[in-house]
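Let's take a look inside a protein and see what the rings and the empty spaces are doing. Have the picture open while you read.

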Amino acid sequence: MRDVLEQLVRWWNAGHPVAVGTVVATFESAPRPPGAMMLVGPGGEAVGSVSGGCVEGAVYQLGEEILESGEPVLQRYGVSDESAFAVGLTCGGILDIFVERVDQASFPELGEVAADIAAGRPVAVATVVAHPDASRVGRRLVVRPQGQPTAGSLGSERSDAAVADDGRGLLATGRTETLEYGPDGQRRGEGMRVFVASYAPVPRLLVFGAIDFAAAVAKLGSFLGYRVTVCDARGVFATASRFPSADEVVVDWPHRYLTAEVAAGRVDSRTVVCVLTHDPKFDVPLLEVALRLPDLAYVGAMGSRRTHDERLKRLRGAGLTESELARLASPIGLDLGARTPEETAVSIAAEIIALRWGGAGDRLSAQAGSIHH
């Protein structure tokens, strides 16, 4: 929703109905992840993408029909058969796309959800996409963290309670999934499918060391959708003008800053830490803190193999265990033959992506089977 939210809310505020197609499940080599959206506006405008071009035309046509009928549809698009121009995915994947009409009557909570997303407050939207009772398809429940009330309803208290509980679990980890229950929310049943879209705060990329490589990493991290912080204890180097792509530039000792961010609850399992200082007085105290945090998505440190070996000796001397040291990606990045700061940033980003999705970092042309893990 993030990609199309501004336009969707603009039409919603104006009272215009919009057809919204959402990817709710993917199989095999699907081009877009669950949560990808495409809008069909009141004037026939197309905004967003659900497949990178494979089935957009078919979804657009279905959206136009649903704008008229108001009846939501869960549609599966699969492998194209005889003709590459048939409605299907020539890449071999399968998409389940839920297409519905959204307006102030069908989604009265949209304004509040949009405000939460804009403010970085965690919120999840659970939508019934399949049910034996057609009147319950399209029903919605807005889920917020533990202790905060839900809004809307999926049609019964039992369904609301089960989905709210599971939705909070997904929200805590920033995951978006389709869940299946019995018709009244029974956990061991089937028949009701609920798509839970989680909108957790944007994941963070913490770059330590205000050097030229940091500027390139910050720029690429911002491009990948991270909220980027550059931190260095040397104020003469840590300036906003040197790092225009960063969301914030902090002058502080790296280990002290990371410790404070953890204490404030602003570091989670999606946080990426890149240590580019390659100076023991900065990076060793910082890595002592980072490697003892069990939930970081990635901890990488720049330096030669000799620097890495010396760093490991110091960290062992500080009491870090072998399992903690094994979490350190050093020397940082994949072996792409990178030379420039920009190329090095690509190698670092590639390693982060590979670890996130289970990729091996090998050439796809040298492999067989699915390209998506």
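## What counts as a cavity

A cavity is a set of grid points where a 1.4 Å probe fits but cannot get out. Its volume is the space filled by probe spheres set on those points. Keep in mind that you're looking at a predicted model.

## The two cavities

How many cavities of 30 Å³ or more turn up in the whole structure? The search finds 2. The largest has a volume of about 150 Å³, and the second largest holds about 70 Å³ of space.

## Around the largest cavity

Start with the walls of the largest cavity: 17 residues line it. Those nearest its centre are T22, M37, E100, T127 and R140. If you'd like to find the spot by following the strands, look for strand 1 (18-27), strand 5 (94-102), strand 6 (123-130) and strand 10 (192-199), as each of them supplies at least two residues of this lining.

What kinds of residue make up that lining? By class, there are 13 nonpolar, 2 polar and 2 charged residues.

R140 is worth a second look. Besides being one of the residues nearest the centre of the largest cavity, R140 lies over the face of F107, 4.1 Å from the ring centre.

## Around the second largest cavity

Now for the second largest cavity, where helices come into play. Helix 5 (212-223) and helix 10 (341-357) each give at least two residues to its lining. Which helix gives the most? That's helix 10, with 4 residues.

Among the residues lining the second largest cavity are L205, V217, L220, Y226, A345 and I352. Sorted by class, its lining has 9 nonpolar residues and 1 polar one, with no charged residues.

## A pair of aromatic rings

On to the rings. You describe a pair of aromatic rings by the distance of the centres and the angle of the planes. The whole structure has 2 aromatic pairs. One of them joins W253 and F282: the pair is tilted, with 5.1 Å from centre to centre and 40° between the planes.

Why does this pair tie together parts that are 29 residues apart in sequence? Because W253 lies in the loop between strand 13 (248-251) and helix 6 (254-263), while F282 lies in helix 7 (residues 280-290).

Are the two partners buried or exposed? W253 is partly exposed, with a relative accessible area of 33%. F282 counts as buried, at 6% relative accessibility, because the cut-off for buried is under 20%.

Terms used. Residues are numbered from 1 along each chain as its sequence is written. This is a predicted model: local features need pLDDT of at least 70, side-chain atom pairs count only at pLDDT 80 or more; totals for chains, interfaces and linings use all residues. Side-chain values use heavy atoms; hydrogens and water are left out. Rings of Phe, Tyr and Trp (its six-membered ring) pair if their centres lie within 6.5 Å; planes under 30 degrees apart count as stacked, over 60 as edge-to-face and the rest as tilted. Buried means under 20% relative accessible area, exposed over 50%, partly exposed in between (1.4 Å probe, protein chains only). A charge sits over a ring if NZ of Lys or CZ of Arg is within 6 Å of the ring centre and within 35 degrees of the ring normal. On a 1 Å grid over the protein atoms alone, a cavity is a set of points where a 1.4 Å probe fits but cannot get out, and a pocket is an open set with protein on both sides within 12 Å along at least five of seven lines; lining residues have an atom within 4 Å of a point. Ala, Val, Leu, Ile, Met, Phe, Trp, Tyr, Cys and Pro count as nonpolar, Asp, Glu, Lys and Arg as charged, and the others, Gly among them, as polar.
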